[in-house]
Each structure stands twice: as structure tokens, then as C-alpha cells.
Amino acid sequence: MDFRVIFLTLLSAFLKFSLGYDEDYLYQKYPIYLESEVGSYVVFNCRIDFPLDTPIPYILHWNKDGKNVFSWYDGVLSASDNYVGRINLLDSGYGHGKASVNLTALRESDSGWYQCKVIFPNRTPSTRGNGTWFNLHVDGRHNLLKVPPINLTVMEGEDAFFHCTVKYPDTSVVKWWQRGVLITTMPAVKNRVQIFKDGNMRISPTTMTDIGLYLCQIIDENRNQKQIVRAYLNVQYKAKVIYAPPEVYLPYGQSAILDCHFRANPPLTNLRWEKDGFLFDPYNVQGVFYKRNGSLFFSKVDDTHAGIYQCQPFNELGTDGKSPLINVIVQHPPILTLKPKPVYIHKLGDSVEMSCDARDGKGLHRPVIEWTRKDGVPLPIDRISTEGGNLTIEDIKETDRGIYQCSVTNEAATVNADTELLIESLAPRPAFNLTANSTDTKITIKWIPGSVARPSITYLIWYRLAEAAEWRTLKVSSSRSTEATVNNLEPGREYEFMVLGQDSYGDGIFSKAFRYFTKPREFRDAQQYRDPIQQFAQIGPPRNLTVDQTPDGNYLVAWDPPEYGREMLRIYLVRWWLEPKHTLHGTAETRHTQYLVTQLQEDELYIFQVFSLSTADYEAGSNEFEIYVPPYRRMRAIAIGTAAGLIFLLVALLVFVYMRRKWFKSIHASSEKMGH
């Protein structure tokens, strides 16, 4: 007898004894009755009493009314024509039996008796007394469909044929939709689609843009019925490059990314780069890395990175070819060769010319030069002219007073230079962007000067209790200071502040009113005392401010929107200070409820605060959030040093043991010689 037959027979007997199953390993005494609707799905839950990974060959066999509809053998699935694409073996991890199947896109013709059986082809008899019976009834009383569509997977360029065969073609109207748009009106598809009288649809040929969910809508006005069925089209294709810019500029001395714009279905398996006609492997080039999507990441761009690049993506189906040539140019940042004066002082009606000029780092190209006002006010088009990089303003008016910025831009970076236009006999512009922090008895106010080029400006702080009528004043001692601390305040109370600038021409304009709380004695969050129904409270503060470290070492600042005044929200202002000196370390504006902060200094304590700014420039500050950035580099150095020390001690100990054993062996050998 064949040894393999003997082995399988013994193994079968062992499994039968150890696992406790007999000839009725797959048997349900009573039939299972199932009911579903046309276009829906049904699960035939069929259980097996032995492991699927048994080495004994077996076949899972499903039949309907005595005819084979589905089978599984040695990992290969097969189904009859009417069931292809509609029936699949289920994962037993979801609580189903190991022989369970899922039948989708049900038809009325699917009604009937189904049997689940296990057959052992190498055993005689192959099956005996096993099988589970199911009776399926597909309800078609309110059904307009004879054959519903099923999910399809085709190769790009092949035809996609969807069934949506109606029962009553003479009275039914069929419409096909994709992404909520009638498919016959979509410019990219309408010339390739054909809808038949019975409701079926063909797309010929398919393209990668055809991927998606399709809806077949049947309307039968005679029967006053409507039905919608769905099917998904998956179009597979070789990995292909869909776009490649002829030129890409990388900023010298900065990090940069060179993208390969591709699509792949199935997903990407490999991406290859070439530079100047040779294979470019980032693993062999210092400072260049692969990103997860195959793009090249340059940690610090230098002149050696310039060249002609090509990328070529691959997936399981192969590749559609290389990208067009990409000329990578290393662009040095621009250099200002002529800066405007720090301040221009003129009379009303005069003309002023502000100078600005630049070149790029190598002097090969002239960068783009643009003038703007920092407060966002547009330049007076009818009174300005530009020549080269110079800006001329004619017939100066009072509204022209302000801070101007010359921006010099090339593909690598933007460099700015600021100047201020002052008008004789006019008072300074008001301070803006007031911020604060507090203790229980004092509030420190900070602001940004409205005029940065007037060293003679002094500031006066006006303050009062929010509900009081009387104002008090505090003079700022230094003309260069942009902050002041108001002492002897009451705990847990809200105060209102305004900043007034003064110079030799007299008083300027008050800043916008700003309100802030002193902390209560128990140091709870002062923002909870803000009364949202007061007339001044145009917008509430951001809530629940948190700062969390991300896996890549950055810090994500997140918060909840204000409880009131969202309709007046203009922007969020994020600020963070370096403690304990409370030095403003960074500021950012965003319209989202989170902001990613990078490059915080290690071994430092930071305080974060977020402000909501209304359309009327009213500010409301969130709670403050403290975060300490650990000294990761120092910790890594200590860990490396400790590990090196331990390795050194271990090596020394091994050397000591070895030398000692060698010494004892030599003593023992000498003793034996003396004994002889």
C-alpha cells in the first residue's frame, strides 16, 4: 500500500479521535430557512467541526437544487456562471462557520434549496451523511428587477458591463448615476456609455477615472414604484505617471521634496528614480531619503542635487513607463542689493520714492519684487508707479501713513524689507494686537506698535474694571518698551485696557479696547468668569486648549471653537512664550482649530495661548497651556554613553576571566610536570 495513503489514513484516525468529530462533522439536523430581498445579500452560515488547515485534502461544495454553484479546493474558488462575482467564502473570524458563504446581488431566481457539503477526494467513500440544508426565499413582490448589477473589476481599456435588467421594460425608465450626477451628462463618460432598453449598461472602453460606485434607478409610474440598486466598478491598470513638471526649483540650503505624480491600481509596489540617465538610489546618497509615497526628500539642498531626473512607478501589473524628463534646478535665495530706508518722513501732497532691488544667489535671474502694506490696506493704484524695484507714491495723503514691505521672491525663498512712511504734523498710529497674561493681582499687557520707526513715541495705559465708569492711567517708563504691568488689581475680576501713543505732535489714537481677567485666589481658569451676554463680548475665547507631541517630534496645538460669536470669527491667533522670562517665541494665524508647531528648543518650558479674533478685531484669549520640552539629545547621549560603558566593562570582564583561566591552566601544567 502507498505510504502516503497509510499516513493520511492514520492521520484521519488520529484527528477523529483527538478532535472528537465523526462522519457527521458537517450536519444540521433541521433545515435553515432564510429570506431576503432582490438586490440585497444573504449569508449561509455553515459550520465545520475540524480545522481548515488539516493536511487531509477536502473540498467545500455548495449546490442548489442538486446543481453545483460554488466550490473551494486547495485555496482555489470556482462558481457557476450565474454566481460568478456574487458568491464568496467568508472569514470565520467574524463569527461565521468555516464553510460559510455570502451571496450578493440577489435575484428572484436565487430562491431554492442549498446544501453545504464537505468531500474528501482521497477517501472511500468521499462523503457520508453530512450536509447542511438551507431554504432561501427571495422576496420579489415589490421588485422591478430581474437581474441586479454586481461589483466588477476590469482592466483599463476593457469593457464594463453592468446588469440592471428590468422586469417590465415597456413601462420602466432606467437611469444610471455616478457621484450623484446623471451618467449621460458627464463629459468624461457620456461618449463611452451605452444604456440598453432592458436597463443594462456598458462602458467601453474603461479608464482609470471610471472607478467608483454606480447607481441604477428604476422608475415604473404605472405601478407607482421606484427602486435603486448599487454596484462598484474597480478599474485596474499598470502604475503610471500622470504629471511631470519640466522644471523644478529646489531652495539651496533648505529641505525640499521632489514628487513623482503617479497613480496605481493595484497599489504601488516599487518606485525607481534616475538622475542624468543613471539609477539614483537615495540609500547611497547622503542627505536624500525616500518618503512613503516614493518622493525624494532632500534634507539640505546643495548644488550637487541639480540634474535631470526621471521616476518610474511599479505595481503588481507592471509599469506604464518612465516619467518625462524633470530638470531640477538648485535655486539660491534672493539677496537684497538695495534696501529702503527705515523711515520716510514727508508732508501732505509730497511725493516719495522708496528704493528696493535684489538679485538671486548666483546673479543669474532677477527675482520678483512686490510692494505691499503690512496692515493689508491696498496701495492707491491711481497715485503709485514702479520702476525696477522702486515704489513711488505721488500726492501723499493722510491715509498713506503706515508700514510698507518690499517682498523679493524667487523659487527658493522670499526675503522682506520693511519701511515706514510718516507724515509731518500727524499723530502716531494706534497700537494693535494686544495680548496679556495675569496673576491674581496684576495683568501684564503687550502690544505691537502702530509706528515702528518713531523712537520718540511714549505710551500711556488706560485701564478700569469692566463694569466701572472711571478710567485710570499708567505711563510706560521706556519709549522702547511694548509691554506694561498693572499692579494692585482685584483677584478674579475682569479689566478693560486701551493703549495710547504720544509723540511731539501730541496724542495719537487709542488702540481697540481689550479685556482680560485676573486669576482668582484658587488660580482656576480666569476665562470661565467671562460673561457671554455682556454687550462687549462679540466673540468667545477658544476652549479646551491642549498641546501634544506628535510621533515625528513636533507639537500639535488643538482647541475647541468659541461657545458664542462663531459667526463673527475672522481668524485664530496662536502664540507661545518661552518661560520664565515670558519672551514671545512664536506667533501664527490659522482658520482651523489646530496648528502644528515645529522646532521648539529642548530643555525649555513654553506657555501656549490661542486667541479668537472677530471681524471687528475683538480678541478673546483661551486658557494658557504649559509644556516642557525634554532634553532628548542629552538623554540620548547619556543612554549611548551608559551603553558604551557597560559594553566596555563586559569586555574587560571577559578578558579578565580569559586571562585568569589561562593563568590557572599554566600553573596546573607546571604542577603536572613537577609531579612526573
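**View 1. Asp375, partly exposed, and its salt bridge with Arg373**. In this predicted model, Asp375 has a relative accessible area of 39% and therefore counts as partly exposed. The side chain of Asp375 meets that of Arg373 in a salt bridge, with an N to O distance of 2.9 Å. Arg373, for its part, is buried, because its relative accessibility is 7%, which lies under the 20% limit for that class. The view thus shows a charged pair with one partly exposed partner, Asp375, and one buried partner, Arg373.

**View 2. The salt bridge between Asp418 and Lys374**. The side chains of Asp418 and Lys374 meet in a salt bridge of 3.1 Å, taken from N to O. Asp418 belongs to strand S37 (residues 414-423), whereas Lys374 sits in the loop between strand S33 (368-373) and strand S34 (384-387), so this pair ties together parts of the chain that are 44 residues apart in sequence. Asp418 is partly exposed at 37% relative accessibility, and Lys374 is also partly exposed, with a relative accessible area of 49%, a value that falls short of the exposed class because that class begins over 50%.

**View 3. The salt bridge between Glu274 and Lys322, and the network around this pair**. Glu274 and Lys322 bring their side chains together in a salt bridge with an N to O distance of 3.0 Å. The two residues come from distant parts of the chain, 48 residues apart, with Glu274 in strand S23 (residues 268-275) and Lys322 in the loop between strand S27 (307-315) and strand S28 (326-331). Glu274 is buried, its relative accessible area being 11%, while Lys322 is partly exposed at 42% relative accessibility. Arg272 also takes part here, since salt bridges that share partners join Arg272, Glu274 and Lys322 into one network. In general, side chains of opposite charge can pair when their charged atoms come close. Over the whole structure, a search finds 18 salt bridges, among them the Glu274 and Lys322 pair.

**View 4. Buried Arg515 and its polar contact with Glu496**. Arg515 lies in strand S45, which covers residues 514-517. With a relative accessibility of 9%, Arg515 counts as buried. Its side chain and that of Glu496 are joined by a polar contact of 3.3 Å.

Notes:
Residues are numbered from 1 along each chain as its sequence is written. This is a predicted model: local features need pLDDT of at least 70, side-chain atom pairs count only at pLDDT 80 or more; totals for chains, interfaces and linings use all residues. Side-chain values use heavy atoms; hydrogens and water are left out. Helices (H or I, at least four residues) and strands (E, at least two) are DSSP runs, numbered from the N terminus. Buried means under 20% relative accessible area, exposed over 50%, partly exposed in between (1.4 Å probe, protein chains only). A polar contact is a pair of N or O atoms within 3.5 Å; within protein, one must be able to donate a hydrogen and the other to accept it, and residues adjacent in sequence count only if both atoms are side-chain atoms. A salt bridge is a side-chain nitrogen of Lys or Arg within 4 Å of a carboxyl oxygen of Asp or Glu.
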